[in-house]
Every structure is written in C-alpha cells, then in structure tokens.
Amino acid sequence: MQRTLFVVIAAVAVLLAVGLFGVLRSRSSGGSAAATANPAELVEGARFVLGSADAKVTVVDFSNYLCPHCRDHALDVFPLIRRDYIDTGKVRYVFRDFPFGAPTNPQPPVVRAGEAAACAADATIDKYVTYHDALFRAQQQWGALPEPSLTRYLVDLAGQTGLAPASFENCLNSGQKREGILADRKLADRLRLTGTPAFFINGTQVNGAMPYEDWKKALDEALEGKTPTIPERNRPSSNAQ
C-alpha cells in the first residue's frame, strides 16, 4: 500500500515538474506569438500598391499624415525597404490611410491630405509616393492650416512635385477621394488598430515604427516562408485585439 502511494506521489511530482518547465520555457522564449490578420481582408480594395503582384511578401502600412513616427518610417526606413525588397520584386507594399477622431468625421486636415495624395496617385503610383513623402516632410507647415489655406498649400505642393496644379485642384475639390480614406479608416477600426504607424507583414501585425535592421530580419523570414519575428515592443497589446 505504501509502495503504491509512493509511486502515485512520484508520478504527480513528475507531471508538475514537466508542466512548470513548459511554463518557464514559454516565458523565456518571448511569450505569446504576434497577432495576425486575414491577408485577403488587408489588401481588399487597396488603392495604392507598389511592387510586383507576384511578390511572396505583402506589407500593409496604415499611416497618419500628422504622425511623427509615420514620418520617420516614410522618410528614413521605407526608402531602404523599397530599394532592397520592393524594387527587386520580393515585396508588394500597400499604403492605407488612418485618420484619427470620430469614424464619420475624422481629422479634417489628415483626410484632406489623404485626398491630395490620392489625386497625385491618379498620375502614377510613383507620383503618389513622391507626394506622400512631401506631405510628411512638410508636416509642420500644413498640419494646422485652416481652409481655404490648406487646399491652396496642397495645390502648391502638387506643383512642386511635378503635377499639373489646375487638374490637381479640380480633383481635390471634387470630393471623390474622400470615400476611399473613410473605407481605410473603417478597416482600421475592424482590425482594432489603436495608433500609427501600424503594419502587417503577410498578415502578422507590427505596432509602431521599427529600425531597418528589424524590418530586414522580419522580411527575410517572411520570404523564407516563416512567421516574421516581431520585437516585443512592436507587438499588439492584448487589449488592442
């Protein structure tokens, strides 16, 4: 009887030890995996796409034209991603707008800037990228302008980037581009995004800007068919999912 009891106690101890090891191993390896989203939903209805449709990796970028970290990514990191991954056919890059505020009437200046970028895209996707970058560079110059000064500034900026000001102004004042921006905003809400920049690499979510070294590691892993490694600081918090 005593021997049987000893065997039972020993077995329970072994099971508890195995379970504790599993918990500790999980904690030491970085905890839960990064959040993911449906890749098809992320690209459905996308208006601004750069790169090959046959690329193995798709990056979706939700940005806000008055976000300083979005500016840093657009001006400092994105050009390197484009050089090494987009222009070489490895990555397809999708741009989406995420104005803050009430869903039905989000940040008026950011929406207006998004409309202007969309008008630039009517020329070519490269004109869109050029204008997109110009908006970020001039962030502090146009962000607080009231109308009609804001529209005049955006039209002048179009001329500076090689676009025809008259046709650009007609496009901007038509209101036809607003619907696409609000659609991007609705998608961001469905994805429960809480800030910008927010990215998805083949559906794996990244919150906040990352240095190029982290992007390179994540993109190389995605190209190998692996789930990209996202630094803990860039993973969505549990209450954002």
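## The disulfide

In this predicted model, the structure holds one disulfide. The bond joins Cys 119 to Cys 171, with a distance of 2.1 Å from S to S. A disulfide is a covalent bond between the sulfur atoms of two cysteines. The link of Cys 119 and Cys 171 is left-handed, with -90° about the S-S bond, and the pair connects distant parts of the chain, since Cys 119 belongs to helix H4 (residues 108-121) and Cys 171 to helix H8 (residues 165-174), 52 residues apart.

## Burial of the cysteines

Each end of the disulfide can be placed by its relative accessibility, for which the cut-off for a buried residue is under 20%. Cys 119 has a relative accessibility of 7% and therefore counts as buried, and Cys 171, at 9%, counts as buried as well.

Two further cysteines can be described in the same terms. Cys 67 has a relative accessible area of 7% and is buried, while Cys 70 has a relative accessible area of 1% and is likewise buried.

## Aromatic pairs

A search of the whole structure for pairs of aromatic rings finds 10 of them. One of these is formed by Phe 62 and Phe 200, whose rings lie 6.2 Å apart from centre to centre, with 75° between the planes, in an edge-to-face arrangement. Phe 62 is part of strand S2 (residues 57-63) and Phe 200 is part of strand S6 (residues 198-201), so this pair ties together parts of the chain that are 138 residues apart in sequence. Both of these residues, Phe 62 and Phe 200, are buried.

Another pair is made by Phe 78 and Tyr 93, whose ring centres are 4.8 Å apart and whose planes meet at 65°, so that this pair too is edge-to-face. Phe 78 lies in helix H3 (residues 68-86) and Tyr 93 in strand S3 (residues 91-97), and the pair links these distant parts of the chain, 15 residues apart. Phe 78 and Tyr 93 are both buried.

## A cluster of rings

The rings of Phe 78 and Tyr 93 also belong to a wider arrangement, in which ring pairs link Phe 48, Phe 78, Tyr 93, Phe 95 and Tyr 128 into a cluster.

Key
Residues are numbered from 1 along each chain as its sequence is written. This is a predicted model: local features need pLDDT of at least 70, side-chain atom pairs count only at pLDDT 80 or more; totals for chains, interfaces and linings use all residues. Side-chain values use heavy atoms; hydrogens and water are left out. Rings of Phe, Tyr and Trp (its six-membered ring) pair if their centres lie within 6.5 Å; planes under 30 degrees apart count as stacked, over 60 as edge-to-face and the rest as tilted. Helices (H or I, at least four residues) and strands (E, at least two) are DSSP runs, numbered from the N terminus. Buried means under 20% relative accessible area, exposed over 50%, partly exposed in between (1.4 Å probe, protein chains only). A disulfide is a pair of cysteine sulfur atoms within 2.5 Å.
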